[in-house]
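Here are my notes on the model you asked me to look over, set out as numbered points. Please keep the structure open beside them as you read.

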Amino acid sequence: MSRENDPQQDEAPRTTPESRAQPGYELPLRLLLAFRVIIDELHERIAREGHPDLRPMHGFVFQAIGPEGTTAVELGRRLGVSKQAAGKTVEHLEQLGYVERGTDPADARRKVVRLTPRGVDCLVRSARIFEELRGQWSATLGGEEHLRALEVALRTLAPGDPFRLDTPRWFGAP
């Protein structure tokens with residue numbers, strides 16, 4: 001068959017949205033969207049499991065409090081917010097039953113914020129849900145090796161400590 005009679009010769013190469021170069025601004029938006037998708041799904045599930053009042057910022061607060069607890073001053077420092085903003089968040093989470101304030105056994109003058117059993121339960125459930133969501137993403141991407149490749153690529157692009165607890169402040173949250 002000659003090239004003149006080849007019907008495929010007349011067709012332009014087909015492109016898909018995935019094969020075309022995307023504008024530079026789309027990458028950060030897609031990364032943010034992926035973050036939103038997984039966090040929104042987590043919060044939908046955690047709400048059904050008895051924690052309907054939690055917001056994405058609260059996860060950062062729980063991590064900043066840590067297993068040993070912390071003071072409001074230190075919590076504010078870790079989150080990148082003022083002591084007053086940290087105190088207001090603690091007060092809200094205390095009303096919801098996720099944290100409690102008490103004295104430091106080593107120094108009675110210090111007030112320490114700790115997670116309650118309800119707060120710990122939330123973290124345990126969140127960890128399980130994140131594992132389930134990771135499994136779903138793995139299946140969506142075609143298997144564990146594809147998800148691992150994505151994770152390696154993201155670690156290369158965004159090295160350092162993934163627990164940047166000051167992210168809510170960066171977005172402008174109190």
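1. Helices and strands here are DSSP runs, numbered from the N terminus, with at least four residues for a helix and at least two for a strand. With that in hand, threonine 116 can be placed in the loop between β2 and α6, the latter covering residues 117–141. Please bear in mind throughout that this is a predicted model.

2. Taken as a whole, the protein chain holds eight helices and two strands, and from the N terminus on their order is α-α-α-α-α-β-β-α-α-α. Of its 174 residues, 26% count as buried, while the chain exposes about 12,200 Å², of which carbon and sulfur atoms supply 57%. Among contacts between residues at least 6 apart in sequence, 54% join residues at least 24 apart.

3. The two strands belong together: β1 (residues 99–104) and β2 (residues 107–115) run antiparallel and are joined by six bridges, and the hairpin between them passes through two residues. As one example of the pairing, threonine 103 has lysine 111 in β2 as its bridge partner.

4. Two salt bridges belong to this part of the chain. Aspartate 104 meets arginine 110 through their side chains, at 2.9 Å from N to O; aspartate 104 counts as buried at 13% relative accessibility, whereas arginine 110 is partly exposed at 38%. The side chains of aspartate 107 and arginine 109 meet in another salt bridge, at 3.0 Å from N to O, and arginine 109 is exposed, with a relative accessible area of 75%.

5. Is threonine 116 buried or exposed? It is buried, because its relative accessible area is 9%, and the cut-off for buried is under 20%. Leaving aside residues up to four places away in sequence, threonine 116 touches Gly97, Tyr98, Val99 and Glu100. One of these, glycine 97, follows α5 and has a positive phi, near 90 degrees.

6. Helix α5 (residues 83–95) has 13 residues and reaches 18 Å from its first C-alpha to its last, close to the 18 Å expected at 1.5 Å a residue. Its buried residues include Ala85, Ala86, Gly87, Thr89, Val90 and Leu93, and what covers the buried residues of α5 includes α3 (56–65), α4 (72–79), β1 and β2.

7. A search of the whole structure finds 16 salt bridges, and one of them joins glutamate 41 to arginine 45, with the closest N and O atoms 2.8 Å apart. These two residues are separated by about one helical turn, because they lie four residues apart in helix α2. An α-helix has 3.6 residues a turn, so residues three or four places apart point the same way. Glutamate 41 is partly exposed, with a relative accessible area of 23%, while arginine 45 is buried, with 13%. Both residues also appear in a network of salt bridges that links Glu41, Arg45, Glu49, Asp121, Arg125, Arg128 and Glu132.

8. Finally, there is a nonpolar surface patch of about 540 Å², made by Leu27, Leu31, Leu141, Leu150, Leu154 and Leu157. Helices α2 (26–48) and α7 (144–157) each supply at least two residues of this patch, and α7 gives the most, with three residues. Leucine 150 has its place in helix α7 and is partly exposed, with a relative accessible area of 34%.

Definitions and conventions: Residues are numbered from 1 along each chain as its sequence is written. This is a predicted model: local features need pLDDT of at least 70, side-chain atom pairs count only at pLDDT 80 or more; totals for chains, interfaces and linings use all residues. Side-chain values use heavy atoms; hydrogens and water are left out. Buried means under 20% relative accessible area, exposed over 50%, partly exposed in between (1.4 Å probe, protein chains only). Contact means heavy atoms within 4.5 Å. Accessible areas come from the Shrake-Rupley method with a 1.4 Å probe; for residues, only the protein chains shown count as cover. Patches are made of residues with over 30% relative accessible area and no salt bridge: like charges are joined within 9 Å, nonpolar side chains (Val, Leu, Ile, Met, Phe, Trp, Tyr) within 5 Å. A salt bridge is a side-chain nitrogen of Lys or Arg within 4 Å of a carboxyl oxygen of Asp or Glu. Two strands pair if DSSP finds at least two bridges between them. The expected span of a helix is 1.5 Å times one less than its number of residues.
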